[in-house]
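Open the model in your viewer and get ready to select a few pieces by residue number. We will take them one stop at a time.

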Amino acid sequence: MKPILQEGRDAIREILDQHQRPDRRLKAFLQHTDLLKALKEYQEKLRAFVEAGRPAEFRRARALARAVERARRVASELSGKEVQGWLDEMAAIEKHREIVERWASFYQNMQPLLKRYQAAYESQHRARHEAYAQVKAELDGLGIPTGSLSDRLCEGPVGWSLDGLTCTTCGTALETLYYQIQSAPQERSRLAAQHAPPPGESADAPKFEILRLYDVIKTRDISTAEDLEAAVSELRKAVRAALEAGKRVVLG
Ligand SMILES: [Zn+2]
């Protein structure tokens with residue numbers, strides 16, 4: 001609580017307590033005139049602050065600061081000195097309980113921070129669409145259903161949620177976008193593996209085979225042209241065997 005509110009409350013209590021003695025009450029009132037005047041001024045500022053809808057904006061600013069803290073490890077746009085400066089300034093104003101008095105300054109730091117966050121978000125949202133459009137095209141080519149990817153294929157433009165922090169269509173957090181982009185190749189392999197019936201179990205033999213490079217290529221340390229040749233020929237051998245069995249090969 002602001003000190004002035006605390007002091008004002010104590011003063012008013014002291015004045016009201018003197019209800020049996022009007023003379024003392026007047027004296028108490030006169031003693032606290034300056035404080036009461038300051039309190040009234042502050043209350044007027046506070047009323048204007050509330051009427052302008054600032055408390056909701058302040059809550060959004062807090063959510064923004066938290067979202068930036070969470071996403072800064074995965075979004076380089078949010079890790080610079082400039083961003084830290086905006087965050088520090090906002091935190092200092094909040095710490096000194098000057099949100100009402102220094103709202104203009106608070107807002108001046110919050111606005112560029114929100115802009116920077118949204119630009120980072122839009123760029124990751126776009127990159128995720130590109131990554132998964134590619135996964136979908138590859139899986140479509142193999143006749144594998146991709147319905148479960150629809151959220152990740154959210155195309156944009158981003159329609160912002162009320163707090164301005166996520167896309168209303170897919171609702172994905174910024175750091176989650178990043179992790180989803182990183183895991184696109186595994187997701188492709190997972191869907192392909194899920195779709196393939198276990199070998200020998202069905203008459204409809206799978207038309208493709210997933211070959212994991214890690215399993216197929218045993219030559220791991222490549223420092224000469226001969227090593228490279230060995231690695232490539234291991235891959236060639238595995239792929240050829242699958243092709244000869246009438247399968248298409250998906251590298252996982
Ligand atoms: Zn979206």
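Start with the overall layout: the chain is divided into domain 1, residues 1-52, and domain 2, residues 199-252. Colour these two ranges and look for the gap: the C-alpha centres of domain 1 and domain 2 lie 82 Å apart. Keep in mind throughout that this is a predicted model.

**Stop 1: α1 and α3**

Select residues 3-17, helix α1, and residues 33-51, helix α3. How do their axes meet? The axes of α1 and α3 come within 10 Å and cross at roughly 130°. That angle makes α1 oblique to α3. If you turn the view to look through one helix at the other, you are looking at a left-handed crossing of α1 past α3.

Now show side chains where the two helices touch. On the α1 side, pick I4, E7, G8 and A11; on the α3 side, pick L35, L36, A38, L39 and Y42. Colour them by class and you should get 7 nonpolar residues, 1 polar and 1 charged.

**Stop 2: α5 and α6**

Next, select residues 81-95 for helix α5 and residues 103-141 for helix α6. Their axes are 9 Å apart, and the helices pack at an angle of about 145°. Here, too, the crossing of α5 past α6 is left-handed.

Which residues make this contact? From α5, select V83, W86, E89, M90 and I93; from α6, select S105, F106, N109, M110, P112, L113 and R116. Sorted by class, the α5 and α6 contact holds 8 nonpolar, 2 polar and 2 charged residues.

**Stop 3: α6 and α7**

Keep α6 on screen and add helix α7, residues 174-182. What angle do α6 and α7 make? They pack at about 30°, with their axes 9 Å apart. The two helices are therefore roughly parallel to each other. Once again you can look for a left-handed crossing, this time of α6 past α7.

To see the contact, show A120, Y121, Q124, H125, A127, R128 and A131 in α6, then L174, L177, Y178, Q180 and I181 in α7. By class, this set contains 8 nonpolar, 3 polar and 1 charged residues.

**Before you close the viewer**

Each stop used a simple recipe: two packed helices are described by the angle between their axes and the distance between the axes. Try going back to the α5 and α6 pair, at about 145°, and then to the α6 and α7 pair, at about 30°, and view each along α6.

Terms used: Residues are numbered from 1 along each chain as its sequence is written. This is a predicted model: local features need pLDDT of at least 70, side-chain atom pairs count only at pLDDT 80 or more; totals for chains, interfaces and linings use all residues. Axes are lines fitted to C-alpha atoms, for helices over the stretch in contact, and angles run from 0 to 180 degrees between N-to-C directions. Helices (H or I, at least four residues) and strands (E, at least two) are DSSP runs, numbered from the N terminus. A crossing is left-handed if the near helix is turned anticlockwise from the far one by less than a right angle, and right-handed if clockwise. Two residues are in contact if their C-beta atoms, placed from the backbone, lie within 7 Å. Ala, Val, Leu, Ile, Met, Phe, Trp, Tyr, Cys and Pro count as nonpolar, Asp, Glu, Lys and Arg as charged, and the others, Gly among them, as polar. Domain bounds come from an automatic or database domain assignment. Angles under 35 degrees count as roughly parallel, over 145 as roughly antiparallel, 65 to 115 as roughly perpendicular and the rest as oblique.
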